[in-house]
Structures are given as structure tokens and as C-alpha cells.
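This report looks at a pocket and at the surroundings of a ligand. Keep the structure in view while reading.

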Amino acid sequence: MTQSFNGRVAVVTGGASGIGRSCAQRLAADGAKVVVLDRNGAGAQHAAAEIGCTWLQVDISSQAECASAAAHIERTVGSPSLLVNAAGILQPELPPPQELSMDDFGRMADVNLKGTYTMCAIFGAAMAQRGAGAIVNIASISGMRSTPLHAYGPLKAALISMTENLAAAWGRQGVRVNAVSPGAVMTPAMQAAIAGGQRNLDTLRATTATGRIVTMQDVAATVAFLLSDEAIAITGVNLPIDAGWLVASSWAMFGGLPPLQSDQVT
Ligand code: NAD
């Protein structure tokens, strides 16, 4: 199903790459006027040229940069009523807890949690003042279950909590705030990790109920739905997009899931 956003202004953070870029592409295809924000200016410019939208170089960990981006968009594009917070730093290393760098933890917190909060606070408050808007935050299944991602996981759990708080705070003013929690997504970075031998496609597939790996388009379609008026009665939820990873993970104690058939989809 495609949604029609009819020229509504949509801001997508992290739109230069991966999931954010795919969301920007989907929202533009569905009729939104998209603005891509990313700290990678060249990447944002390239993505925007491909999508046919506008872009701004913004580091979301800077409150001043977020505020000046909001003022610039308001002046030059219009009033945003849609926001997707996809900018984030992944945690590639899996050190034991005592060896986790507090500097890395802090950098991740500044972007994944505080930066996302800043974007919500600035853009969401303006939407609340105007009486309409919808926000989707990209969380993760690692915020819902234990993983060895000792910084990334707890920060995503906090993002889910933040989403619930903001949904309650702005519900009366017509602003909906939801989160999605993707499982492992087949982004260019994931493809490179598989190609380089750091991740294994069969292992990834074996951990999901459906044997499928989530695509960027799967995430974008769900985000578009949650932003649309079709989801008018949905706020404060955290929707997993995990091909059944969450439901499959507890089957290990019973010997695991039935084996994948060779003709099953990826
Ligand atoms: P990605 O690295 O491909 O894209 C992230 C984008 O965010 C990049 O363009 C990067 O430049 C931008 N960014 C990083 N820090 C920024 C900052 N301070 N200010 C502005 N932009 C910044 O990553 P992705 O895999 O597409 O991940 C996107 C989101 O989805 C992240 O929040 C990530 O945690 C989440 N997620 C990813 C997966 C996955 O499997 N890839 C799974 C679950 C959740």
C-alpha cells in the first residue's frame, strides 16, 4: 500500500545512507517534500540528488545545528509535519563489559539518544504548536532483548522509553510519536560485513522465524504507514520489524526452530 503525503514536509535524519535514505526515498515517492539531514554532507547531497529532494548538513548531537536547521527548513521549504529519526551510530565492536570505552559510549549516547531527543524536542514542539504531526524513531530489537551491545542496546531501550513519554506529552496536541525496532537489516554496511566475513548470512537467516532478512524497504514501508493518517490511532508503540527474530529467540531451549527449507526466501 502506498501512502499519499500530498506535499507535506518530511524531515529524515541519517538520510544519506542505509535505512534513513530508504525512508527518504519512500516518503518522496509517496508525495512528501523531503529534507534529508545528515552530518555527512557529501552523502546527503548525493542521496538528495538521486531522490529529488533537499538536504542539509547537520550533526544532530549539536542542539544549535538542529535549531538552525529547523529555522532554515521553516523559511525555505515549509513547516515539517513528519519526522523520521534514523541518524545513529552502530556498535561494531563487542568488547566484554569492563573493556567498553566510555568515550565510545558517550559518543553513541550523544547521537543515538540525546541527538534524537533534541530533534524530537525541536521539531515535535513546533508540530504540537501547530496541532498536527507524526514522528517515527528508529530503535532496534537490541533495545528489547539482551545482546552483547552494551552501549547500543541500553541506548535503544531508552529511545523506546523516550518515544512513549513524548507520545503521551503531545497526544492532546495532535502529534503522534512511534518507534520501530528493526532486526538485522540488509543495508550496504551489512552487505559489506557479509562479504568481508564478519557476519554470516546463513546464521542471520537461521535466527528469524521466517528465515527472512529484513530489507531497508521493509523498514521504510512500515515507517511510511506509521507516519500516515492510516495510523491515526497509533501512538507510543514500538513496532518490531524483525522477520520474527523476537519470537524465535526463546526456541533455543527447545532445540531451536524447524530447519530452513532450501527454497525458502531470504
Ligand atoms: P548507516 O550508518 O547506514 O546510516 C546512518 C546515517 O546516520 C549515516 O548517513 C550517518 O552519516 C548518519 N549520522 C550518524 N551520526 C550522525 C549525526 N551525529 N548527525 C547526523 N547524521 C548522523 O546506518 P543504518 O544501518 O541505516 O542505521 C540507521 C538507523 O537504524 C540507526 O539508528 C540504527 O541504529 C538503526 N538500526 C539499524 C539496523 C541495521 O541492521 N542496520 C538495525 C536496527 C536499527
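## Pocket and ligand site

The second largest pocket has a volume of about 180 Å³. The model in which this pocket appears is predicted. The lining of the second largest pocket is made up of Ile89, Leu90, Gln91, Pro92, Glu93, Pro95, Leu100, Ser101, Asp104, Arg107 and Met108. By type, these lining residues are six nonpolar, two polar and three charged.

The ligand has its own set of neighbours. There are 26 residues around the ligand, and those that come nearest are Ser17, Ile19, Asp38, Asp59 and Tyr152. Two helices each supply at least two residues of this shell: helix H1, which spans 18–29, and helix H5, which spans 152–170. The shell around the ligand divides into 14 nonpolar, eight polar and four charged residues.

Which protein atoms lie 2.5 Å, 3.2 Å and 3.5 Å from atoms of the ligand? The table gives one pair of atoms per row.

| Residue | Protein atom | Ligand atom | Distance |
|---|---|---|---|
| Ser17 | polar side-chain atom | oxygen | 2.5 Å |
| Arg39 | polar backbone atom | nitrogen | 3.2 Å |
| Val58 | backbone N or O atom | nitrogen | 3.5 Å |

The ligand taken alone exposes 830 Å², and the protein buries 91% of that area. Ser17 thus appears twice in this account: Ser17 is among the residues that come nearest to the ligand, and a polar side-chain atom of Ser17 lies 2.5 Å from a ligand oxygen. For Arg39 and Val58, the atoms listed belong to the backbone.

How values were computed. Residues are numbered from 1 along each chain as its sequence is written. This is a predicted model: local features need pLDDT of at least 70, side-chain atom pairs count only at pLDDT 80 or more; totals for chains, interfaces and linings use all residues. Side-chain values use heavy atoms; hydrogens and water are left out. On a 1 Å grid over the protein atoms alone, a cavity is a set of points where a 1.4 Å probe fits but cannot get out, and a pocket is an open set with protein on both sides within 12 Å along at least five of seven lines; lining residues have an atom within 4 Å of a point. Grid points are joined across faces, edges and corners, and a volume is the space filled by probe spheres set on the points. Ala, Val, Leu, Ile, Met, Phe, Trp, Tyr, Cys and Pro count as nonpolar, Asp, Glu, Lys and Arg as charged, and the others, Gly among them, as polar. A residue is near a molecule or strand if one of its heavy atoms lies within 4 Å of it. A polar contact is a pair of N or O atoms within 3.5 Å; within protein, one must be able to donate a hydrogen and the other to accept it, and residues adjacent in sequence count only if both atoms are side-chain atoms. Accessible areas come from the Shrake-Rupley method with a 1.4 Å probe; for residues, only the protein chains shown count as cover. Helices (H or I, at least four residues) and strands (E, at least two) are DSSP runs, numbered from the N terminus.
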